[in-house]
There are 2 protein chains.
Amino acid sequence: MSNEIDKKLEQKNIKPTAMRELVYEVLDKNKKALSLYEIEQQFENVERSTIFRTLKTFQDKLLIHSVDDGSGAVKYALCDDDCTCSLDDLHYHFLCTKCGQTHCLKNMPIPKVDLPEGFNFENANFVIKGTCPNCQG
Amino acid sequence: MSNEIDKKLEQKNIKPTAMRELVYEVLDKNKKALSLYEIEQQFENVERSTIFRTLKTFQDKLLIHSVDDGSGAVKYALCDDDCTCSLDDLHYHFLCTKCGQTHCLKNMPIPKVDLPEGFNFENANFVIKGTCPNCQG
DNA sequence: GAATCACATGCAACAGTATTGCAAAGTTAT
DNA sequence: ATAACTTTGCAATACTGTTGCATGTGATTC
């Protein structure tokens, strides 16, 4: 039944369990970055800590990436199939100040940055805040 | 004695009190963005909430700006004299993954971003992670 | 100078998110 | 079936941020 998902999990060396399939499904379905709490809300009786550890596993295995958008909670979103969470895969994120949703702007890679002497680039987190298409008017 | 600092505070319509002078001094002295906790550490017996409210006041009056660098704690840094915390004053921040220090790259304004249709820019938070000049080797 | 007022501070309590220890349940290999 | 290992659920805790309330302090008015 959830063969598709299992395949995705196994591709990233994650043992597919019921829990993991469900969390994956939620992330896949929502098409945006979700916080631990938001994911928890989509289930009836699932432990926060379980989801927390599931997300941690996913992140370690590069299945998802996390964004700290300044909303107070870290949010998680699926990586693209070919994502290696390397520098080239970094993209902008957009936090809507009205609805609180965080969108991955995956087609907007972050630009090269010329850092001052002595600074060494490892990673970046570029978050833009404003209103999203759903909240215009 | 702290006339210089008082002047800065009054310029921004902040009544200068002992507490506020001290917090300002700490921020000024450190030349980098500090978390509430880090500021608290530099005093002996000062209430967290007092510093918290002092920072809030400073921020309301545009004396400081805050950065959420993803380290788990929001950090605060003095604005430049002519800063109005408007879009033009936004700059990159750099979080060192070794020492945990957050540097304001004030001479690096963030670039204009072309957002997809429907997205409306209000604010931005660009944090680069890596190693800082003090932690090379 | 005393009464009054506005604001700042300190204390304590609380809220939200993240995180861990431990035991039970489930899975895999032998 | 047993042993070894992994995942899950529960409970407890840590950390950061935040607020209510009482007290203190300085400015203002009379």
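The exercises below, each with a worked solution, treat the sheets and the chain interface of a predicted model.

Residues are numbered from 1 along each chain as its sequence is written, and chains are lettered from A, with ligands numbered from 1, in the order in which they are written. Because the model is predicted, local features need pLDDT of at least 70 and side-chain atom pairs count only at pLDDT 80 or more, while totals for chains, interfaces and linings use all residues; side-chain values use heavy atoms, with hydrogens and water left out.

**Exercise 1. Trace the order of the six-stranded open sheet and identify the strands at its edges.**

Start with the terms: strands (E, at least two residues) and helices (H or I, at least four) are DSSP runs numbered from the N terminus, and two strands pair if DSSP finds at least two bridges between them.

Step 1. The order of this open sheet is β5(A)-β4(A)-β6(A)-β6(B)-β4(B)-β5(B), and its pairing is mixed.

Step 2. The edges are held by β5 (102-109) of chain A and β5 (102-109) of chain B, each of which has a single partner strand, so one side of each lacks a neighbour in the sheet. From one strand to the next the twist averages 25°, where axes are lines fitted to C-alpha atoms, for helices over the stretch in contact, and angles run from 0 to 180 degrees between N-to-C directions.

Step 3. Within chain A, β4 (residues 91-96) and β6 (residues 120-131) pair in the parallel sense over four bridges, whereas β4(A) and β5(A) pair in the antiparallel sense over five bridges. A:F94 takes part in both pairings, with A:I128 as its bridge partner in β6(A) and A:H103 as its bridge partner in β5(A).

Step 4. In chain B, five bridges join β4(B) and β5(B) in the antiparallel sense, and B:H91 stands opposite B:P109 in β5(B). The hairpin of these two strands has five residues between them, and there B:G100 takes a positive phi near 80°.

Step 5. Across the chains, β6(A) and β6(B) pair in the antiparallel sense over 11 bridges, with B:K129 of β6(B) as the bridge partner of A:N123.

**Exercise 2. Describe the interface between chain B and chain A by its contacts, its buried area and the residues that chain B supplies.**

Step 1. Taking contact as heavy atoms within 4.5 Å, 30 residues of chain B are in contact with 30 residues of chain A.

Step 2. The area buried between the chains is about 2500 Å², of which carbon and sulfur atoms give 64%; buried area is the accessible area (1.4 Å probe) that two parts lose on being put together, summed over both. In chain B, the residues that lose the most area to chain A are B:F119, B:I128 and B:K129, which together make up 20% of what that side buries.

Step 3. The count of salt bridges (a side-chain nitrogen of Lys or Arg within 4 Å of a carboxyl oxygen of Asp or Glu) between chain B and chain A is zero.

Step 4. On the side of chain B that touches chain A, β6(B) gives the most, with 12 residues. The residues of that side divide into 15 nonpolar, 10 polar and five charged, where Ala, Val, Leu, Ile, Met, Phe, Trp, Tyr, Cys and Pro count as nonpolar, Asp, Glu, Lys and Arg as charged, and the others, Gly among them, as polar.

**Exercise 3. Work out the strand order of the three-stranded sheet in chain A and state which helices pack on it.**

Step 1. This open sheet has the order β1-β3-β2, with antiparallel pairing. Its edges are β1 (34-35) and β2 (64-68) of chain A, each with a single partner strand, so one side of each is left without a neighbour in the sheet.

Step 2. Five bridges join β2(A) to β3 (residues 74-78) of chain A, and A:V67 stands opposite A:K75 in β3(A).

Step 3. Helix α2 (residues 18-30) of chain A packs on the sheet and touches β1, β2 and β3 of chain A, its direction making about 85° with that of β3(A). Helix α4 (residues 48-60) of chain A also packs on the sheet, touching β2 and β3 of chain A, and its direction makes about 110° with that of β2(A).
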